[in-house]
Amino acid sequence: MNKLYYGIDLGTTNSAIAYGHMEANENIVTRICKISRNGKEGGQENKDTLPSVVYYKKDFKKGGITAIVGDFAKNQYGKKYGYVMKSVKNYMGSYGELPLDKEIEDQSPEAISAQILKHLLRGIKEKLSLDDYPRDVIITIPASFDPDMCEATLKAAEISGLEVKDENGKYRDILLYEPKAVIYNVINMMENGEIPKNTIDFSKEKNILVFDLGGGTLDVALYRVKNSKLGKFPIIDEISVGRYTSIGGDTFDSLLGRELSKIFLEYNDLSPKDVNMDELNQIMEGKAEFIKLELSDKVFNSKYTGKKIDDNEEFEIVEMGLYKGMEFEAYLTKKEIENILNPVMGNNLSLDFVGKMDKLQGQDINNIIYPVLDVLDKAKKQDKDFQVDGIILNGGMTRFYLIEERLKKLFQIDPIKVNDPDLSVARGAAYYHYCLDKYESIREQYLKEVKEVNKDTIKEKEIQREILGKVVLNETINLALDKGYVKSLVEAGRELPTGDIIYENLFYLPRDTNKMELPFYLGRGETTELPNRKIASRVINFKRNYPKGTPINFIVNIDRNKNLTLSGYLGENKNEIIDIIIETNVGKDGAKGGFLKIATQEEKKLNVKMELEILKSMGKNLEKLYKENRIDYKKAIQRMDDVLHQISLCTNKVEFQHGALDILFTLENSKELKGYIFDLLNIIGDTLTEKSKKILLSNIKGMLNDFVLGNIRNRKNIKKAIGLLGNYKENEKLLRDLLNGKYGNIYFQEIAEALGKISEDNPELLTRALKKKEWNIEDRALINSLGNIYGRGKKVEERIYSLGDRLVNLILEEESLREISIISLGKIFDRREIREINLKDKIIEKYIKTLEEEFRYKELDDKFKEILEINLNLMKGLPLNGEEEKIYEKMIG
């Protein structure tokens, strides 16, 4: 008996199984196996396709529940609510609840899909009189399936009894993308004369777009196809794959069905509260499918009769006991039906949007044209001159006349329609099974033809590419960060397998924690909003609690089947591996319990509007927590600081100025948020426009009157406002007046620090320092300010040496001021470069000698020892090495 090759199209609406064998002429012929099942009314039937519907039938006499797959199960949909599952493919890779009663054992998409697979395998065993079920079978999946969806399909196959893993426990290559299966089938049919051999000439490379619209999913993919010189089968390189979309025949039926439900309610004078809308919609979807098929058949037949279907031609539904004994009568015209379906047709989109995809809004995404533009956009990024040579239509829904008309209008090309589009994928999968079987022998032939110099270095990935074609990642995989941003981990179009992709010192823990959620998103966007969509969440469980700022390093790997593996380690210790798991209660909706999300040190562009809304929301929360004196107040402050930290790292800080100033003028002087807006404007700093600067200073000056300055509730924000004045030289006089004013002592530290940023000489501060008799920790601001002012070396007076004497005494006598004093002394008497003033070398040498003798034999902590050594070198005029320069920059802030 000839070896048989098997392929299964595990479809959303219908599934099919095909087998192939080699004829005497060595051509591979594939056939669909007609599978036995219970028909609509319960009797046995044999058909090419099997409805992907499972009915869990209760046996009230013997007890227990039996899974029934196929037409009878489909007929129960809408009648046995909670016991019928359809379109389970749309749930693959998710962990949410299914619309099934809890007494049913199968509560996962994998288990339900396995029931469909087992029915197909039993059926082909029976029809072909096999000794056992086939174990080696190819299963097709949408090219746009994400890694979790692929893995779920493999698990379903494993539950059904198929061999999915090799002897090493790794998944075998048993998955095939549906659009690629279509191309395999077209080529095989041309080879066998089932369709004209000149349908598409693959003797030369062709760029082919496959548009596969089935019952529940739309798959769009671009391939570069050419005949192989090594074997009879083609080389199919993936160019780009569209984003996953659950648009299909079910979507069209749902839109029509919901309209029919509204008409039913109006006809029977009911409100939605009077009926079970889920049940009613399920019934109406069945009626909608009937109307859709009737309309499509009429349009199709009109092409042969020459009689055009008028827009006003009516299609009717009349039933006496449609729902709980109530009658129903409805009439919809061709034009009305087309208008109802308009939302998914993408009629507002054209090829002009290629290269401008980011301009499309959420309402422009969920239609049949966006995925087409998506694959073209990705292809154009690789090759700006890319052109589509042919379009292949597949899937039962492509029989609907609106689909072909819409694509013809978009491309101005007549699409190629596949014979029996419901069967093409399964037959292509069977043919691909043959190709895989021949892979090893062709691989040896290929290696013989490879030059000896390359034979030992060529990688398996390169061999697979040359024989079977290239596989690429369909959409960019992103990791969600805190505050709704994402970081791209693997870009769309990257060839698979990727090998290990390592991210070191890019991510960190934003707060102390022992657990963290890692949500993954697919798409081209910069946030977790559309067009990105969530695919899964992983949870990292740390072995212990780790502090804020701990680096997290990741290793990402995606294989040829799009299976994603993720590992990582904390900090610098590569042996301290973190455990990464898929939690069954996490799924696409995220972790339960609000686990912390990761943060990144990478500079990125932020969404200004969103960040400012977050700050406003947090500001209101801070006010509430402060009034309630709750312990969460400190945590809220930390979160606010985290937001500002991320803004400080972004590449578009300048864009925040107008929105921040708008908020500033709406706030009372005492509001917590006002201080944080001042912090934000301080971060923006020099990038403020002159106009924005004037607006800001006008607001600050309005706060510097005795009434506002004297109100204790305003002090925190006034201190921040004074700090902002120190960013601009023109405010020096204003700050000096404030220093000498009624409230100068209250705000002395802030005024001193601000003057330290902009003054080149300040006799008032110098006099205060020289007259001061008692010093404490609060005098750090004064010491630091004087170090900054006179460290600039613009002006000097004899009293600077008196300040030097005072600083030396503070280093020797005041331990709390020791570090800041030696840093300021080093700034003022830095002799590394020629300055505008002449420093007295003898006095400086005396300072150096005094400090060296004082600390030579004392035990010093490492930090002060480092500070002392670097600043003494500055005073000696010695250059700092690279590492010392870094330490010094950090030292002076």
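Tutor: Two strands are said to pair if DSSP finds at least two bridges between them. With that in mind, look at this predicted model, where R224 has D237 in β14 as its bridge partner.

Student: What makes β13 and strand β14 count as a pair, and in which sense do they pair?

Tutor: β13 and strand β14, which covers residues 234-241, are joined over 7 bridges in the antiparallel sense. The rule asks for at least two bridges, so with 7 bridges β13 and β14 are a pair.

Student: How do you know that β12 and β13 pair, and what do they form together?

Tutor: Strand β12, residues 206-213, meets β13 over 8 bridges, again in the antiparallel sense, and with at least two bridges required, β12 and β13 therefore count as paired. One place to look is L213, which stands opposite L218 in β13. With 4 residues between them, β12 and β13 form a hairpin.

Student: In which sense do β12 and strand β17 pair, and which residue in β17 is the bridge partner of L209?

Tutor: β12 and strand β17, residues 390-394, pair in the parallel sense over 5 bridges, and the bridge partner of L209 in β17 is I391.

Student: What is the order of the strands in the open sheet, and which are the edge strands?

Tutor: The open sheet has 5 strands in the order β14-β13-β12-β17-β18, and its pairing is mixed. β14 and β18, the latter at residues 416-417, are the edge strands, since each of them pairs on one side only. Helix α4 packs on this sheet and touches β12, β13, β14 and β17, with a direction that makes about 45 degrees with that of β13.

Student: Why is strand β13 described as largely enclosed by the rest of the structure?

Tutor: A residue is called buried when its relative accessible area is under 20%. In β13, residues 218-227, 7 of the 10 residues are buried, so the strand is largely enclosed by the rest of the structure.

Student: Turning to empty space, why is a cavity not called a pocket?

Tutor: In a cavity a 1.4 Å probe fits but cannot get out, whereas a pocket is open, so the two names are kept apart. The structure holds 3 cavities of 30 Å³ or more, and about 120 Å³ of space lies in the largest cavity.

Student: Which elements give two or more residues to the lining of the largest cavity?

Tutor: They are β11 (175-177) and α4 (178-191), with β11 giving the largest share, 3 residues. Its lining residues include D173, Y177, K180 and R560, and by class the lining divides into 8 nonpolar, 1 polar and 3 charged residues.

Student: What lines the second largest cavity?

Tutor: About 80 Å³ of space lies in the second largest cavity, and among its lining residues are L10, K89, S113, T140 and F145. Two or more residues each come from α2 (109-127) and β10 (138-141). I141 lines the largest cavity, and I141 lines the second largest cavity as well.

Student: How many charged residues does the lining of the second largest pocket have?

Tutor: The lining of that pocket has 13 charged residues, with 8 polar and 7 nonpolar ones. The second largest pocket has a volume of about 800 Å³, and of its 28 lining residues the closest to the centre are D166, Y171, R172, D173 and N561. Elements α10 (424-449) and α12 (460-467) each give two or more residues to this lining, and the largest share, 6 residues, comes from α10.

How values were computed
Residues numbered from 1 in each chain as written. Predicted model: local features only at pLDDT ≥ 70, side-chain atom pairs only at ≥ 80, totals over all residues. Heavy atoms only, no water. 1 Å grid on protein atoms, 1.4 Å probe; cavity = no way out; pocket = protein on both sides within 12 Å on 5 of 7 lines; lining within 4 Å. Points joined across faces, edges and corners; volume = space filled by probe spheres on them. Nonpolar A, V, L, I, M, F, W, Y, C, P; charged D, E, K, R; others polar. Buried < 20%, exposed > 50% of the residue type's maximum accessible area, 1.4 Å probe, protein only. Contact = heavy atoms within 4.5 Å. Axes fitted to C-alpha atoms, helices over the stretch in contact; angles between N-to-C directions.
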